[in-house]
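Biologist: Please take a close look at one part of this model, the aromatic side chains and the helix packing around them. Which residues make the contacts, and how are the elements set against each other?

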Amino acid sequence: MVLVNTPGSWAHLYPPLRHAGWHGLGGADLVFPFFLFISGSSIFFWLKKCRRSGNSDLHWKIMIRVGVIFATGLFLNIFPFREPISDIRIMGVLQRIALAWGLATVACLLMKRRGLIITSLLALSAYWLLLSALGGLSLEGNLVRAIDMKILGRSHLWKGKGVPFDPEGLLSTLPASVTVITGYLAGTVIGTGDRVFRKLLSAGLISAAAGLLWGEVY
C-alpha cells in the first residue's frame, strides 16, 4: 500500500498497483477488504480465547478497542496539525476498520452461523436497494455521499476524486461489516480443521461467481 499511495510519480504506476477509477476492481482494491476479512477471522479465535478464560466484559473490551483504533485513525488524519480542525477528514481506513470490526463482533456475539449468513445477505441486499433507489451509484449522486455530506459535512470528507466523497463513509460501513463477518465465518472453518482448504475454496468460488453475476445487474 505504500507503493500504491506514494508511488513517487503517478505517471509511472504499475497497473496492478492502481485503484479502479470508480466502478470496477483493480489489484490494489483487494488489499483493504483483505484487512477487514482477516480482522474477522481473528474475531473467532479472540472470542474463543475470551470465553475459555471466562471473560464476561466483552462488550466493554469491544468498545475500548473500537475507540482506540478510531482515535488513532483520526490522529493520523490530523497529524502534523497543518490543517484547521474545520477541514479535517473524520473517516479513514482505521476508522472504517474500527466501526466495521465493532459491528461485526457484536453480531458474532449475538448470532449463530446461520443467523450471521442471513443477516449478511439481508444487509447487502438492503444496501444495494437503498443505493439503487435513492440516487444511483454515480460518484456525485450516491446515497453514501449524501449521508456523509449531511452528517459529517463536506469539509470533513475526502476530496481525492475532485468532489467531496469519502470511500470510508458511514453507510458503506454496513457492507464492510459483512466482509468482517465473512472473515469470521472463515475463521470458524479454520478452527475446526476439517477439510479447510476445500470448504474455503468452494465458498470463495461461489462468492466470486455471485458477485460477478450481481455486478451485471447494475
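Modeller: The structure holds 9 aromatic pairs, and since this is a predicted model, everything below describes computed geometry. In one of the pairs, the ring centres of Trp-22 and Phe-165 are 5.4 Å apart and the planes stand at 80°, so the arrangement is edge-to-face. Trp-22 sits in the loop between helix 1 (2-5) and helix 2 (31-53), while Phe-165 sits in the loop between helix 6 (143-151) and helix 7, so this pair ties together parts that are 143 residues apart in sequence. The two partners differ in burial: Trp-22 is partly exposed at 39% relative accessibility, whereas Phe-165 is buried at 8%.

Phe-75 and Phe-81 also pair edge-to-face, with 6.0 Å centre to centre and 70° between the planes. Here Phe-75 has a relative accessible area of 44% and counts as partly exposed, and Phe-81, at 53%, counts as exposed.

Phe-44, Phe-45 and Tyr-184 form one aromatic cluster. These three residues also belong to the contact between helix 2 and helix 7. The axes of helix 2 and helix 7 are 6 Å apart and at an angle of about 50°, which makes the two helices oblique. Their crossing is right-handed. Helix 2 brings Pro-33, Leu-36, Phe-37, Ser-39, Gly-40, Ser-41, Ile-43, Phe-44, Phe-45 and Leu-47 to this contact, and among the residues that helix 7 brings are Ala-176, Val-180, Tyr-184, Gly-187 and Gly-191. By residue class, the contact of helix 2 with helix 7 has 12 nonpolar, 9 polar and no charged members.

Helix 2 also packs on helix 4, at an angle of about 40° and with the axes 10 Å apart. Helix 2 is therefore oblique to helix 4, and the crossing of this pair is right-handed. The helix 2 side consists of Phe-32, Leu-36, Ser-39, Ile-43, Trp-46, Leu-47 and Arg-51, and the helix 4 side includes Val-93, Arg-96, Ala-100, Trp-101, Thr-105 and Leu-109. This contact divides into 12 nonpolar, 2 polar and 2 charged residues.

Thr-105 can serve as an example from helix 4. Its relative accessible area is 0%, so Thr-105 is buried. Leaving aside residues up to four places away in sequence, Thr-105 touches Ile-43, Trp-46, Leu-47 and Ile-62.

The remaining pair is helix 4 (residues 93-110) with helix 7 (residues 173-192), whose axes come within 8 Å and cross at roughly 55°. At that angle helix 4 and helix 7 are therefore oblique to each other, and they cross in the right-handed sense. Arg-96, Leu-99, Ala-100, Trp-101, Leu-103, Ala-104, Ala-107 and Cys-108 supply the helix 4 side, against Thr-173, Ala-176, Ser-177, Val-180, Ile-181 and Tyr-184 of helix 7. The contact of helix 4 with helix 7 counts 11 nonpolar, 2 polar and 1 charged residue. Tyr-184 thus recurs: it is part of the aromatic cluster with Phe-44 and Phe-45, of the contact between helix 2 and helix 7, and of the contact between helix 4 and helix 7.

Terms used: Residues are numbered from 1 along each chain as its sequence is written. Side-chain values use heavy atoms; hydrogens and water are left out. Axes are lines fitted to C-alpha atoms, for helices over the stretch in contact, and angles run from 0 to 180 degrees between N-to-C directions. Helices (H or I, at least four residues) and strands (E, at least two) are DSSP runs, numbered from the N terminus. Angles under 35 degrees count as roughly parallel, over 145 as roughly antiparallel, 65 to 115 as roughly perpendicular and the rest as oblique. A crossing is left-handed if the near helix is turned anticlockwise from the far one by less than a right angle, and right-handed if clockwise. Contact means heavy atoms within 4.5 Å. Ala, Val, Leu, Ile, Met, Phe, Trp, Tyr, Cys and Pro count as nonpolar, Asp, Glu, Lys and Arg as charged, and the others, Gly among them, as polar. Rings of Phe, Tyr and Trp (its six-membered ring) pair if their centres lie within 6.5 Å; planes under 30 degrees apart count as stacked, over 60 as edge-to-face and the rest as tilted. Buried means under 20% relative accessible area, exposed over 50%, partly exposed in between (1.4 Å probe, protein chains only).
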